[in-house]
Every structure is written in structure tokens, then in C-alpha cells.
Amino acid sequence: MEHSIKEQGKVAVIDIGSNSIRFVIFDRYGRYPYPLFNERITCRLGEGVQETKRLKKDRIEQSLETLKRFSKIINMAELETVLSIGTAAVRQAENAEEFIKPAEKLLKQNIRVLSGVQEADLVAKGLIANIPLANGIIADLGGGSLELVRVENGKKNESTSLNYGHLRDIDENKFSKTIRGLKWKNDCESQFFYGVGGSFRALGLVYKQKNKYPLDILHGLTIPTKKANRILNKIIKKDGDLKGLPQSRKATMSNAAKIMKIVLKDTKSKNIVVCGTSVREGVVLQNLSIRNIKHDPLIATCEEIAKQSERFFGLATSLENLLKPMISIGHKEEIHRLLKASCLMADIAWNEHTSSRGIIAAEKILLLPTNSLTHRERAWLAKTLFHRYNRTIDLVKFPFKVSAILSKEDNYTSLVIGLSLRFAMAACAGLPDLIKNLKLELDDNFLKISFLGDTKTLLVDHVYEKLNLLAQRLERELVIELL
């Protein structure tokens with residue numbers, strides 16, 4: 001029996017792929033839900049399918065055993081919505097029903113077998129939701145197929161699905177001829193190659209290890225193609241110990257590397273963006289009404305976090321209104337967006353011990369389990385919230401090495417917005433109604449703060465010290481007006 005779609009409560013996706021079966025439970029059916037449970041079991045259901053057009057008996061049995069486990073979890077978790085999909089292995093196999101029928105009986109619902117074009121479109125939908133202005137080529141490399149999508153500023157132009165996957169070796173000349181025949185080129189600096197799937201993430205892990213990259217989150221990691229090719233060549237030749245390469249990927253990574261190298265070369269792609277998105281995000285979004293799909297993934301994510309973390313309703317709006325004059329310290333549109341995000345996140349660590357809130361707030365942002373923040377946004381917000389929570393009057397050096405990600409202006413604006421939040425939260429205890437009675441003005445010479453009505457009692461020593469430090473960093477004279 002197939003579940004009806006409800007835009008509330010927990011939602012789960014079962015993704016039956018050629019190499020593995022993934023089961024994810026999200027905490028809510030929202031724009032950016034968090035995974036409560038995320039398990040991937042390598043079943044290699046598609047092993048040999050491209051040669052024989054049939055699923056192997058032992059692969060079917062192992063895959064059904066995996067679904068028995070997932071079915072037990074589904075029953076105990078009392079999930080409102082479960083969405084089950086099958087991709088290359090079950091769409092290519094002549095005997096797919098030998099797996100599908102018992103699988104549907106175990107899950108008590110239908111399994112939606114995606115065509116290649118449907119899979120490509122859903123992969124694009126999931127990626128564009130997290131990278132709204134994606135520009136270039138999306139490639140989702142699985143065990144049994146390769147989905148390719150051309151996108152221009154967040155709009156899908158065309159897509160295709162090719163029966164080339166990492167579970168078998170490829171005829172490199174034939175495959176290269178197929179890719180060249182598409183005539184898809186990434187020959188502009190503003191175009192990127194968006195790599196989706198475990199093989200691209202494995203490449204990202206090796207690159208991160210080799211280059212001592214400061215962030216652990218893979219999604220959004222950009223790798224120059226020249227550097228990627230050096231790693232791919234080593235993988236193909238199995239030359240030396242490639243630190244970071246997952247054990248589960250070693251058996252098929254040489255095949256994957258050949259595919260990646262040819263696609264990058266024949267599309268003239270200059271930079272790879274490793275993506276943590278998948279067809280699963282597209283499946284969830286496809287069943288979500290348009291009113292719940294927001295344009296800006298950063299703000300949408302921060303809004304959902306604020307619902308859980310904000311101590312007093314309306315805090316973020318009041319903070320943003322108070323601190324809007326600060327957007328003049330940089331590119332106004334971008335700083336306003338980042339200011340809004342930091343105001344929404346201002347209470348993210350309020351229930352941690354006071355001595356460690358700054359570190360914990362920064363770590364939460366840097367490791368936030370979402371694909372909706374770029375690496376720059378993560379680093380900027382982490383620095384901002386670190387300074388917002390720092391208790392000492394002296395500035396403390398940010399303890400995470402993100403200098404390669406942030407510009408000089410980024411470092412300055414994150415410090416100033418962080419100090420602004422620190423002052424505002426100290427003065428008003430996070431109460432929106434008190435924040436409304438403060439007025440901030442900033443010009444080329446002065447930082448002026450007005451305490452309206454009877455709020456002059458808020459100006460105690462530690463609040464004045466925070467204000468004075470902010471003025472010093474802005475290189476402005478501090479003017480305090482008590483009205």
C-alpha cells in the first residue's frame with residue numbers, strides 16, 4: 001500500500017541504487033530537513049546487469065535482507081511518509097520483478113522505478129534547490145548509469161542518462177565518443193562541473209586530505225580540474241596509498257576515475273564542485289508544494305534553525321532591524337543577506353555552557369548537516385557567531401583555520417557583525433521588545449546609539465565596553481544618546 005503524501009511529520013526516502021541501498025529519515029517534511037537516520041548498505045544489486053540484463057540471485061537476496069531491516073525501522077519509527085525509488089539496476093534488468101515484487105511486499109508500498117531522464121531531472125532539482133544559480137553541467141555517477149544535466153543560472157536546459165557506471169570497466173574510446181557527441185562544453189570561467197554521487201565525494205576526500213583543506217563538509221568543495229586529474233590518474237593506476245579514499249570505494253574507484261576523467265576532459269570543465277545532494281532531495285522536493293520551496297537556501301535553512309533555537313519569538317527580526325545600518329560596511333546586498341542569516345542564528349548556542357558557547361556555535365555552523373550553505377557562508381557565519389558569543393572584552397583569535405576560504409573583507413565584516421550582535425544581545429537579553437527601543441546609526445565618522453524611552457537603564461558597564469569595542473573596530477567615534 002502506497003502512503004499518501006503529507007507535508008508534515010517525519011519523511012523517509014529509500015533509494016535502491018545499483019551499488020547501494022540508502023535509507024534516510026528526515027525530522028520533518030520541510031524545505032531543509034535534517035537526517036535523523038542515514039544508512040547506506042552496499043548490496044551491488046546492479047552487479048553484472050549491463051552485461052547480462054539480469055539481476056543476480058545472490059544480489060537480490062542481499063538487497064531484500066537489507067530491506068527487511070529498513071522495513072522494521074519504518075514500522076517502529078511511525079513515519080508519516082515513505083518514498084521508495086529504484087534507479088539503474090531495476091530499470092535495466094529484464095528480471096527486475098524478481099526483486100521488485102518481494103521488495104514491495106516487505107515495504108508495504110509501491111517502489112517507483114525512475115527512467116533515466118526522470119532520475120536526471122530529480123538530481124537537478126535537488127542540486128538547484130541548494131545551489132540556486134548553478135551554471136554548467138551536473139553529473140551524477142552511480143553504479144549502473146551516469147546522469148548528465150546542463151544548467152544555466154539555475155535553469156535546466158537539457159538532460160540525458162547514459163548506461164555507464166562504476167560497477168564495470170568501460171570502453172574508454174567508445175565512452176569518450178559518446179560524451180563528445182553531446183557537444184556540451186564548460187568553457188567559461190563562470191561554468192562549473194557539479195559532481196554528484198559517492199565517487200565524486202571520494203575524490204573530494206582524497207583532495208581534502210592531500211591539501212589539508214580546513215572544512216570537513218564536502219558539499220561545495222571546489223577542486224581545479226588539473227589537481228583532480230592528478231588524483232584520478234593515481235587512482236586509475238592504483239599508484240600508492242591514497243589517503244582519504246574510503247575502503248568501500250576502492251574496488252570500483254578505478255572505473256569511476258576513468259569515467260570522471262573523460263567527462264571532465266571532453267566537456268573542457270575547469271573546476272569541479274563536489275556536491276552532497278542526490279536524487280533523494282529531488283524526490284522530497286517533487287512532493288513539496290511550491291509555497292514551501294524558497295529561493296534562498298541559506299535564509300531558508302537559518303529560518304528553520306531559528307524556529308528551534310530562538311528563545312524569544314521575533315528576536316531575529318528585531319535584531320535585523322536594529323543592525324541594518326551595519327550593511328554599509330561592505331557590499332550592501334550581500335552583507336544584508338549575511339546579516340539576516342546571522343540574526344536568525346544568534347541564539348544557536350544559548351543553552352551551552354557560557355565558557356564554550358563561541359566554540360560550539362562556530363562548530364555547529366561549520367559542521368551543520370545541510371547542503372544549503374557554501375563553504376564561504378559557513379566560514380563567515382562561524383566567525384560571526386564566535387565573536388557574538390565571545391565573553392571576554394578583548395578580541396580572541398578565531399581558532400579555526402579558514403583564512404583560505406574568506407577574503408580580507410569577509411574577515412572584517414564577520415568581526416564587525418559579530419561584535420554588533422554581541423552588544424545587542426548583551427543590552428537586551430535577547431528580548432525583541434527591548435531591542436525595538438534602541439536605534440543605531442553609522443556614518444563615515446560616528447557610531448551613534450540611541451536609547452529610547454526608559455531603556456537608558458540598559459547601558460550598564462559591560463554593555464558600554466562592548467559598544468566601545470565595536471566603535472574601535474569600525475574606527476568611528478562612539479556617540480551615545482539617552483532619550
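Is Arg 376 buried, partly exposed or exposed, and at what relative accessibility? Let's start there and work through some exercises on this predicted model.

**Exercise 1. Classify Arg 376 and its salt-bridge partner, then place both in the chain.**

*Step 1.* Arg 376 has a relative accessibility of 29% and counts as partly exposed. The cut-offs behind that label are under 20% for buried and over 50% for exposed.

*Step 2.* Look for the partner: the side chain of Arg 376 meets that of Glu 334 in a salt bridge, at 3.0 Å from N to O. This pair links distant parts of the chain, with Glu 334 in helix α13 (residues 332-344) and Arg 376 in helix α15 (residues 375-389), 42 residues apart.

*Step 3.* Classify Glu 334 in turn: at 22% relative accessibility, Glu 334 counts as partly exposed.

*Step 4.* Now widen the view. Glu 334 and Arg 376 belong to a network of salt bridges that also links Asp 296, Arg 337, Glu 377 and Asp 410.

**Exercise 2. Find what ties strand β3 to helix α2, and judge how covered each end of the contact is.**

*Step 1.* Across the whole structure, a search finds 25 salt bridges. One of the salt bridges joins Glu 39 and Arg 69, whose closest N and O atoms are 2.7 Å apart.

*Step 2.* Glu 39 lies in strand β3 and Arg 69 in helix α2 (residues 57-77), so the pair ties together parts that are 30 residues apart in sequence.

*Step 3.* Compare the two ends: Glu 39 counts as buried at 18% relative accessibility, while Arg 69, at 41%, counts as partly exposed.

*Step 4.* For practice, repeat this with Glu 47 and Lys 56, a salt bridge with its closest N and O atoms 3.3 Å apart. Glu 47 is partly exposed, with a relative accessible area of 23%, and Lys 56 is partly exposed too, at 36%.

**Exercise 3. Work out the strand order of the sheet that holds β3, and say which strands stand at its edges.**

*Step 1.* The sheet is open, has 5 strands and follows the order β3-β2-β1-β4-β5, with mixed pairing.

*Step 2.* β3 (35-42) and β5 (112-113) each have a single partner strand, so they stand at the edges, and one side of each is left without a neighbour in the sheet.

*Step 3.* Zoom in on one pair: β1 (residues 11-16) and β2 (residues 20-26) run antiparallel and are joined by 6 bridges. Here Ile 14 stands opposite Phe 23 in β2.

**Exercise 4. Describe how β13 pairs with β12 and with β14.**

*Step 1.* Take β12 (residues 438-442) and β13 (residues 446-451): they pair in the antiparallel sense over 5 bridges. A hairpin of 3 residues joins the two strands, and Leu 438 has Phe 451 in β13 as its bridge partner.

*Step 2.* Turn to β14 (residues 477-482), which pairs with β13 in the parallel sense over 6 bridges. Ser 450 stands opposite Glu 481 in β14.

**Exercise 5. Locate a patch of positive charge on the surface and describe one member.**

*Step 1.* The patch gathers Lys 177, Arg 180, Lys 185, Lys 268 and Lys 270.

*Step 2.* Choose Lys 177, which sits in helix α6 (residues 172-182). Lys 177 has a relative accessible area of 60% and is exposed.

**Exercise 6. Set Ala 306 in its surroundings.**

*Step 1.* Ala 306 is found in helix α11 (residues 297-309) and counts as buried, at 5% relative accessibility.

*Step 2.* Measure along the chain and through space: Ala 306 and Ala 316 are 10 residues apart in sequence, and their C-alpha atoms are 8.0 Å apart.

Technical notes. Residues are numbered from 1 along each chain as its sequence is written. This is a predicted model: local features need pLDDT of at least 70, side-chain atom pairs count only at pLDDT 80 or more; totals for chains, interfaces and linings use all residues. Side-chain values use heavy atoms; hydrogens and water are left out. Patches are made of residues with over 30% relative accessible area and no salt bridge: like charges are joined within 9 Å, nonpolar side chains (Val, Leu, Ile, Met, Phe, Trp, Tyr) within 5 Å. Accessible areas come from the Shrake-Rupley method with a 1.4 Å probe; for residues, only the protein chains shown count as cover. A salt bridge is a side-chain nitrogen of Lys or Arg within 4 Å of a carboxyl oxygen of Asp or Glu. Lys and Arg count as positive and Asp and Glu as negative; His and the chain ends are not counted. The place of a charge is taken as NZ of Lys, CZ of Arg, CG of Asp or CD of Glu. Helices (H or I, at least four residues) and strands (E, at least two) are DSSP runs, numbered from the N terminus. Buried means under 20% relative accessible area, exposed over 50%, partly exposed in between (1.4 Å probe, protein chains only). Two strands pair if DSSP finds at least two bridges between them.
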